[in-house]
Amino acid sequence: AATVERSFHVQNLTVWRLCRPQVITAVNGSLPGPTIYAREGDTLIIHVFNKSPYNLTIHWHGIFQRLTAWADGPSYITQCPILPGNSYTYRFTITGQEGTLWWHAHLLWLRATVYGALIIRPKWGHTYPFPKPYKEVLLLLGEWWNSNVMDVENESLQLGITPNNSDAYTINGKPGELYPCSKKQTYKLKVAPGKIYLLRLINAALNNQLFFEIAGHVLKVVAVDAAYTDPYVTDIIVLAPGQTADVLLTAEQWPGAYYMAGRPYFNAENAGPFDNTTTTGILVYEGSASALIPKMPLLPAFNDTPTAHKFSSGLTSLVGARHWVPVPCKVDEQMFITIGLGLSPCGGNATCQGPNGLRFSASMNNASFQLPTSLSLLEAFFYDVKGIYTADFPDVPPLVFDYTNRSLSQSPLGFTLKGTRVKKFKYNATVEIVLQNTAFVGVENHPMHLHGNNFHVLAQGFGNFDAINDRKKFNLINPVIRNTIGVPVGGWAVIRFQANNPGAWLFHCHFDVHLPWGLATVFLVENCPILSSTLPPPPADFPKC
Ligand code: C2O
């Protein structure tokens, strides 16, 4: 195994998009930031120099961080921020996973422009469990605002209202020629007839799920979230923020030009307007005449839930592939967690303008998670410091009532309570969680992301989870393995994982607007009694609050 050492210089710079200049924060002057290529088993050493005016942390989305929880990155969870002018070195070894992951800032909305791909190839001598691609292509889908994103978020938090919508979606940082002044800001991919390409897709958008399609071509999904899947043939890919997909494309069309296009999948009630624009890139066959008009794919309607659900529930894991893990069959910890929007008091804030004199919030089991401010949760856990969190994440019995009943949308049940309430697990506990979307205030699909672990998705569906009948639908043979699950709108999903990685693992909605609203909790996993698998103390340059 090798050591992959890189430096990230995080700095503000001005870029032109959609006819105007905009100051953004970016890594090494590029948007998206640098791609990290590694092989399974390699050790990564990333020196992060914060030359931006903001506090900063970097998260390695989907990386297990076995016994290196100090390098995971979510601000105030596993570390205090790197202050402007300071630096921190993230060190971790990649074990037990290969495929497409990514990295992003994990403090407020900085990740809108501070993100990049993290590609894990098989160890030397190992091959992919699919035909060897002729070339690999990165496709990072993003979201763009015509104003400074930190201002957009701060304004919405101060006023207690939903933030402004983005102004464009992007492919590899470029909106594509359907937007104004964007002819040159269009990603182009040249392909050779007959060759197979491995597309590595990442949804790095902040607040939207995306449909993705390429005109005239079928796509074959071979992995999601860096876990191999049974080959799944489809016209359309659906990605929630945080999710990735490895997709094979065969260049078998007539020579010509074809649009690849991404636009939102958004089916939410009472959620207000959203950015319903389309980003495009162009796939051109070598030897095609120039100035061709690309063919446009027929994308589903923005609210086409059946299409989104068909894709998400159709994926299965590739049994027996390297790093595949069977479903743990005995369950030690059973949790039922409602996830959804809510409202909370303005707290004497004169500028607060949310509905009914309240502010928007979000919660799990009605608890709105608040980040600590004086110490990271992981330090508090590791050094047993009192007063930073309480290990009393509320239990809610399943089937109290129909959580998805639309008439609940004005219910006082949506009134959330703030706190830093976490759940503790014994080392190696098998955890099963029923995630139940609610209809308080609004009905949405929430992309739930677990740090430090993958999980099996046993089943998903609509309405209220039925503890007797829906259990019969569990796939215990080859369920898809991922780190982020889009819990269906007005529905539920059941996940299972083994808490075998000591640390503090954030579990949260990957819509960036819902994290500060409180749609999160933290799982504290205790040390293994065997000394060789206990979490060591933090490194010497660890940032202090
Ligand atoms: Cu991709 Cu907690 O994040």
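A residue counts as buried if 20 or more other C-beta atoms lie within 10 Å of its own, as exposed if 12 or fewer do, and as partly exposed in between, with C-beta atoms placed from the backbone. Helices (H or I, at least four residues) and strands (E, at least two) are DSSP runs, numbered from the N terminus. The model is predicted: local features need pLDDT of at least 70, side-chain atom pairs count only at pLDDT 80 or more, and totals for chains, interfaces and linings use all residues. Residues are numbered from 1 along each chain as its sequence is written.

**Exercise 1. State which residues of helix H1 are buried and how they are arranged about its axis.**

Step 1. H1 covers residues 149–159, and its buried residues are Val149, Val152, Glu153 and Ser156.
Step 2. Viewed down the axis of H1, these buried residues fall within an arc of 90° (taken from the directions from the helix axis to the C-beta atoms), so they line one face of the helix.
Step 3. Gly160, just after H1, has a positive phi of about 75°.

**Exercise 2. Describe the burial and the pairing of strand S13.**

Step 1. S13 spans residues 209–214, and six of its six residues are buried.
Step 2. In a regular strand the side chains alternate between the two faces of the sheet.
Step 3. In S13, Gln209, Phe211 and Glu213 are buried on one side, and Leu210, Phe212 and Ile214 are buried on the other.
Step 4. Strands pair if DSSP finds at least two bridges between them. S13 is antiparallel to S18 (residues 257–265), with six bridges, and antiparallel to S16 (residues 236–239), with four bridges.
Step 5. Phe212 can be followed into both partners: it stands opposite Gly262 in S18, and its bridge partner in S16 is Ile237.

**Exercise 3. Decide whether Thr113 and Thr234 are buried, partly exposed or exposed, and list their contacts.**

Step 1. Thr113 sits in the loop between strand S7 (99–105) and strand S8 (115–121). Thr113 is buried because 28 other C-beta atoms lie within 10 Å.
Step 2. Two residues are in contact if their C-beta atoms, placed from the backbone, lie within 7 Å. Leaving aside neighbours within four places in sequence, Thr113 contacts Ile24, Thr25, Ala26 and Leu31.
Step 3. Thr234 belongs to strand S15 (residues 227–234). Thr234 is partly exposed, because 18 other C-beta atoms lie within 10 Å.
Step 4. With neighbours within four places again set aside, Thr234 contacts Leu219, Val221 and Phe311.
Step 5. The C-alpha atoms of Thr113 and Ala205 are separated by 9.7 Å, with their positions 92 residues apart along the chain.

**Exercise 4. Give the domains of the protein chain and describe the contact between domain 1 and domain 3.**

Step 1. An automatic or database domain assignment gives domain 1 (1–126), domain 2 (130–315) and domain 3 (333–533).
Step 2. The C-alpha centres of domain 1 and domain 3 are 25 Å apart.
Step 3. Their contact takes 16 residues from domain 1 and 18 residues from domain 3.

**Exercise 5. Compare the radius of gyration of the protein chain with the globule rule.**

Step 1. The radius is taken over C-alpha atoms, and the rule is 2.2 Å times the number of residues to the power 0.38.
Step 2. For 545 residues a compact globule would have a radius near 24 Å; the protein chain has 22 Å, which agrees.
Step 3. The C-alpha trace spans about 65 × 55 × 55 Å along its principal axes.
Step 4. The protein chain has four helices and 32 strands, and 52% of its 545 residues count as buried.
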